[in-house]
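Let's take a walk through this protein together, one stop at a time. Have the sequence to hand as you read.

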Amino acid sequence: MNATPRPRFAGAPITDDDATIAAALNDVSVPTLLVSLVHLTGDASILDGALRPAGVYLNEVQGFMSPEDQAAARAFALDRIREYRDAGSVLPSPPDAATVHKMMEFLVAGPVDEEYVPLLLEELELDGVDDRDEHWGARVPEDAKSDAHVVVIGAGMSGVLAGIRLGQAGIAYTIVEKNPAVGGTWFENRYPGCRVDVGNHFYCYSFAPNDDWSGVLRPSARAAALLREHGAIARRDRPHPL
Ligand SMILES: Cc1cc2nc3c(=O)[nH]c(=O)nc-3n(C[C@H](O)[C@H](O)[C@H](O)COP(=O)(O)OP(=O)(O)OC[C@H]3O[C@@H](n4cnc5c(N)ncnc54)[C@H](O)[C@@H]3O)c2cc1C
């Protein structure tokens with residue numbers, strides 16, 4: 001298990017002035033902001049407060065909060081972020097599993113089965129560890145590794161991911177693709193306006209965070225380009241190429 005690249009702003013000190021922070025807060029999902037404050041301050045009592053989402057629906061990023069509650073949450077956040085900045089931008093320890101579970105229930109305004117907590121912890125990588133980055137190294141004898149060769153059918157999101165993970169484990173593989181290029185769905189769907197239908201931050205490999213987006217919903221061509229980049233990385237790192 002290795003540490004993975006974090007989003008480029010994670011842990012970076014906040015140096016912006018109050019007006020800049022306040023302006024940025026106008027452009028956020030307030031429920032997400034509130035749970036981020038738990039991480040920023042270490043204060044889980046935020047999850048018990050009156051400022052909270054009232055429900056959840058795909059792409060309703062404000063959780064049905066009233067404009068007044070959103071404004072109050074932004075003002076609350078500005079104070080907390082200012083305190084964090086002025087105290088030297090020192091992050092507390094990441095929230096523990098029980099707190100993350102509470103954050104999940106807060107965000108969806110209802111109960112969340114405990115079985116989803118490990119999944120989210122893995123996705124969040126709050127400890128900076130990529131649990132699926134399996135390097136077999138010396139644990140598996142070289143001849144056993146070199147005897148194996150996996151064929152992956154398809155170079156879409158899943159096939160490229162399989163290649164990356166197999167490469168990390170030191171297992172030889174070949175990705176077979178019927179189309180002339182990597183991309184799968186994003187190679188085939190290129191009609192005008194075609195794009196992902198959930199926010200970009202949900203639609204990336206967890207070990208490859210990226211904030212270089214032209215909008216919230218990434219266009220098909222950009223998704224295909226990113227997959228080509230990942231495909232090239234998979235090809236470059238492929239152990240024992242044929
Ligand atoms: C407009 C649109 C928006 C979407 N938005 C989202 C979104 O916001 N969030 C989300 O999670 N998902 C979204 N999706 C779903 C998207 O398809 C998946 O997220 C993802 O791209 C699927 O990847 P995949 O690798 O599993 O399959 P695919 O991308 O379909 O890749 C399969 C690959 O296998 C190849 N293949 C198949 N059979 C063979 C064969 N016999 N031999 C060789 N090659 C073969 C195909 O050519 C293809 O390249 C969206 C889809 C569309 C069309």
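Start at Ala24, which sits in helix H1, covering residues 18-25. Keep in mind that you're looking at a predicted model. Is Ala24 buried or partly exposed? It counts as partly exposed, because 14 C-beta neighbours fall inside 10 Å, and a buried residue would need 20 or more. Now look across to Arg74: 50 residues separate Ala24 and Arg74 in sequence, yet their C-alpha atoms are 9.9 Å apart in space.

Zoom out for a moment. The domain assignment splits the protein chain into domain 1 (18-124) and domain 2 (139-236). Measured out over C-alpha atoms, the centres of domain 1 and domain 2 are 31 Å apart.

Next come two residues with backbone angles worth a look. Most residues other than glycine have a negative phi. Ser89, though, has a positive phi near 55°, and it isn't a glycine. You'll find Ser89 in the loop between helix H3 (67-86) and helix H4 (97-108). Ser89 counts as partly exposed because it has 14 C-beta neighbours inside 10 Å. Glu125 is another non-glycine residue with a positive phi, this time about 50°. Glu125 lies in the loop between helix H5 (117-124) and strand E2 (129-130). With 18 other C-beta atoms within 10 Å, Glu125 is partly exposed too.

Now move along to strand E4, residues 172-176. In a regular strand, side chains alternate between the two faces of the sheet. Which side chains of E4 are buried? Tyr173 and Ile175 are, and they point to one face, while Ala172, Thr174 and Val176 point to the other and are not buried. E4 has a partner in strand E3 (residues 149-153), and the two pair in the parallel sense over five bridges. Within that pairing, Val152 stands opposite Ile175 in E4. To get from E3 to E4, the chain passes through helix H7 (residues 157-169), making a right-handed β-α-β crossover.

Helix H7 also brings us to the ligand. H7 gives the most to the shell around the ligand, contributing three residues. There are 19 residues around the ligand in all, and Gly154, Gly156, Gly184, Thr185 and Val196 come nearest. What is the shell made of, in terms of nonpolar, polar and charged residues? It divides into eight nonpolar, eight polar and three charged residues.

How values were computed:
Residues numbered from 1 in each chain as written. Predicted model: local features only at pLDDT ≥ 70, side-chain atom pairs only at ≥ 80, totals over all residues. Domains from an automatic or database assignment. Helix = DSSP H or I, 4+ residues; strand = E, 2+ residues; numbered from the N terminus. Buried ≥ 20, exposed ≤ 12 C-beta atoms within 10 Å, placed from the backbone. Pairing = 2+ DSSP bridges. Right-handed = clockwise from strand over helix to strand, strands pointing away. Near = placed C-beta within 6 Å. Nonpolar A, V, L, I, M, F, W, Y, C, P; charged D, E, K, R; others polar.
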